[in-house]
Amino acid sequence: MDDDSNALLRDEELSDKNVYSTADPTAGITAPGNSSKIPLLAVENLVKSFGPVRAVDGVSLELYEGEVLGLVGDNGAGKSTFLSLLTGYNHADSGTFKYRGKPVAHASPSTSRKGLKIEMIYQHLDLAPDLTVWQNLFLAEEKRKFKVILDKRYMIHRAADVLTELASKVKPTDLVGALSGGEQQVVAIARALLFERDIILMDEPTAAISLNKVRDVLNLILKLKGLGKSVILVSHRLEDVLEVSDRIAILNRGAISHIITNDHRMTITELAQMMFEGSVQNAVSVAGNGKLAGGGD
Ligand SMILES: Nc1ncnc2c1ncn2[C@@H]1O[C@H](COP(=O)(O)OP(=O)(O)O)[C@@H](O)[C@H]1O
Ligand SMILES: [Mg+2]
């Protein structure tokens with residue numbers, strides 16, 4: 001036998017023991033409840049400054065198919081700015097984006113939707129109250145017959161399908177302005193399903209609705225997960241984040257300080273402690289030109 005036999009044997013042993021080599025950085029990484037190893041979305045080293053403020057300071061993060069990722073942090077930690085880089089509302093100063101392992105030249109809301117399959121559910125929901133549900137769902141992306149005639153039948157039918165998928169009682173012909181906040185959220189999310197986005201971003205989705213509807217939103221998030229969608233949930237309601245997230249990323253002054261696999265045993269107090277630990281040191285370092293001692297350029 002030649003020298004290679006050794007290498008082969010080693011490879012077999014390695015694969016048997018599920019040990020991975022550095023050649024495949026994704027090997028051995030599994031997100032909870034997820035069979036696929038390649039992240040749906042991977043961002044690396046995202047940076048975004050506003051003047052002297054590094055709102056997002058070198059964030060690398062992966063999101064897996066069917067995963068709910070909670071994103072928490074103090075006010076001003078950079079959560080909304082991070083989401084705005086994903087949606088293309090803001091451009092990252094530097095950093096890379098990959099969708100299912102492939103680099104995406106992401107520079108606009110359009111590349112976010114089409115290249116990264118991202119849909120953002122805004123707090124103000126972005127719906128037209130004086131139009132029906134189906135009209136809102138297809139707004140600016142209307143389906144036409146022969147490129148001219150609006151295919152109303154098709155649109156109502158598709159709208160009914162996605163609303164059923166979300167187990168909602170909302171009807172395609174309901175007027176959006178007459179719906180509750182929670183129901184309007186369903187409509188916003190139905191739009192994401194309709195156009196086959198894979199990733200749904202939510203920034204404080206329970207902030208604008210009454211407390212007794214919070215349950216509905218959490219159920220909706222779990223429903224999306226059940227449909228194989230991935231969700232990034234930004235919320236200051238830590239009990240909600242702890243309930244629905246598979247993993248929780250903590251953002252502290254623009255940088256990720258922890259990524260926690262949620263075992264559903266962590267308490268709100270423990271999570272809050274992790275959020276705020278070290279924030280005093282960081283405050284000092286930001287005052288000193290935004291760099292940690294010993295850090296490079
Ligand atoms: N458009 C902007 N112009 C200038 N500074 C901004 C802008 N957006 C956010 N910031 C600053 O970036 C930092 C992060 O803000 P933000 O992303 O809104 O945090 P969070 O959503 O976690 O509360 C804050 O210091 C905030 O003041
Ligand atoms: Mg915010």
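Where is the place of Asp246? Asp246 sits in the loop between α8 (238-244) and β11 (247-252). This is a predicted model. The points below cover the shell around ligand 1, helix α2 and the setting of Asp246.

**Shell around ligand 1**
- Ligand 1 is surrounded by Phe50, Val53, Ala55, Gly73, Asn75, Gly76, Ala77, Gly78, Lys79, Ser80 and Thr81.
- Two elements, β2 (53-63) and α2 (79-87), give two or more residues to this shell.
- α2 provides the largest share, 3 residues.
- Sorted by class, the shell has 6 polar, 4 nonpolar and 1 charged residues.

**Helix α2**
- 7 of the 9 residues of α2 are buried, so the helix is largely enclosed by the rest of the structure.
- Those buried residues are Lys79, Thr81, Phe82, Leu83, Ser84, Leu85 and Leu86.
- Lys79 and Thr81 thus appear twice: they are among the residues around ligand 1, and they are among the buried residues of α2.
- Ser80 belongs to the shell around ligand 1 as well.
- Gly88 follows α2. The phi of Gly88 is positive, near 85°.

**Setting of Asp246**
- Asp246 counts as buried because 20 other C-beta atoms lie within 10 Å; the cut-off for buried is 20 or more.
- Asn262 is 16 residues from Asp246 along the chain. The C-alpha atoms of Asp246 and Asn262 are separated by 5.3 Å.

Terms used
Residues numbered from 1 in each chain as written. Chains lettered and ligands numbered in written order. Predicted model: local features only at pLDDT ≥ 70, side-chain atom pairs only at ≥ 80, totals over all residues. Near = placed C-beta within 6 Å. Helix = DSSP H or I, 4+ residues; strand = E, 2+ residues; numbered from the N terminus. Nonpolar A, V, L, I, M, F, W, Y, C, P; charged D, E, K, R; others polar. Buried ≥ 20, exposed ≤ 12 C-beta atoms within 10 Å, placed from the backbone.
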